[in-house]
Amino acid sequence: MTTSEITREEILAVYPKVAKIMADALGCDVEQVELGVSLIEGLNAESIDFLDFVFGLERAFKVKIPRGQIVEDARGDLPEAEFERKGYLTEVGLERLRDYVSEAPADRIRLPMKVADIPRLFTPETFCKVVVRALRAVQGDDSRGRVSEGPGAPNTDG
């Protein structure tokens, strides 16, 4: 799990393009894709839409986002048996998830929580953070850095 903080500026630098990709995939207005809206409850996203998001983000930002990346990154170096048992998060796993998806309302992250329900927490901000981390990896820099430079730099020309 990355220990470096993602800044608000880094999130906002990629947000317009992330929002457009999501709006296109969901067939909604880009204004509806607010940073904190639940993708599933708020925008009615389905699992197939998440695949569209990832494909669009990979193409737009020239990064690779492996399937299940958010859950794996949230787990970090914690052994799977300590993160979840029989499909449910442990207390330690829940704390890791809270830290990792800090943009999700805290009252939505509580025991018992199925691992399969983690995507219900995802917002456009969650995917902005995924993009920032992926851009840092492309740049070979997992420390705080500007996301506007390097081969995976977002195109701000629209």
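This is a guided tour of a predicted model, stop by stop, for use with a viewer.

Residues are numbered from 1 along each chain as its sequence is written. The model being predicted, local features need pLDDT of at least 70 and side-chain atom pairs count only at pLDDT 80 or more, while totals for chains, interfaces and linings use all residues; side-chain values use heavy atoms, with hydrogens and water left out.

**Whole chain**

Start with the protein chain coloured by secondary structure. It has six helices and two strands, in the order α-α-α-α-β-β-α-α from the N terminus. Helices here are DSSP runs of H or I with at least four residues, strands are runs of E with at least two, and both are numbered from the N terminus. Of the 158 residues, 44% are buried (under 20% relative accessible area; exposed is over 50% and partly exposed lies in between, with a 1.4 Å probe and protein chains only). Switch on the surface: the accessible area is about 8800 Å², and carbon and sulfur atoms supply 50% of that (Shrake-Rupley method, 1.4 Å probe; for residues, only the protein chains shown count as cover). Among contacts with a separation of 6 or more, 59% join residues 24 or more positions apart, a contact being heavy atoms within 4.5 Å.

**Aromatic rings**

Next, select the aromatic side chains. The whole structure holds five aromatic pairs (Phe, Tyr or six-membered Trp rings with centres within 6.5 Å; planes under 30 degrees apart are stacked, over 60 edge-to-face, the rest tilted). One of them is F50 with F53, an edge-to-face pair with 5.5 Å between centres and 65° between planes. Both sit in helix α2 (residues 47-61), three residues and so about one helical turn apart. An α-helix has 3.6 residues a turn, so residues three or four places apart point the same way. F50 counts as buried because its relative accessibility is 13%, and F53 counts as buried at 0%.

Add F122 to the selection. The F50 and F122 ring centres are 6.1 Å apart with planes at 70°, so this pair is edge-to-face. F122 belongs to the loop between α5 (91-100) and α6 (124-139), so the pair ties together parts 72 residues apart in sequence. F122 is buried, as is F50. Add F127 to complete a cluster in which ring pairs link F50, F53, F122 and F127.

For a ring with a charge over its face, select F61: K17 lies there, 5.2 Å from the ring centre (NZ of Lys or CZ of Arg within 6 Å of the centre and within 35 degrees of the ring normal).

**T90 and G93**

Which loop holds T90? T90 is in the loop between β2 (88-89) and α5, and is buried at 9% relative accessible area. Show its side chain, which reaches the backbone nitrogen of G93 at 2.9 Å (a polar contact is a pair of N or O atoms within 3.5 Å; within protein, one must be able to donate a hydrogen and the other to accept it, and residues adjacent in sequence count only if both atoms are side-chain atoms). Beyond four places in sequence, T90 contacts A81, E82, F83, E84, R85 and L111.

G93 is in helix α5 and is buried at 0% relative accessible area. With residues up to four places away set aside, G93 touches L78, E82 and F83.

**Helix α6**

Finish on α6. Of its 16 residues, 13 are buried, so α6 is largely enclosed by the rest of the structure. The residue to select after α6 is G140, with a positive phi near 75°.
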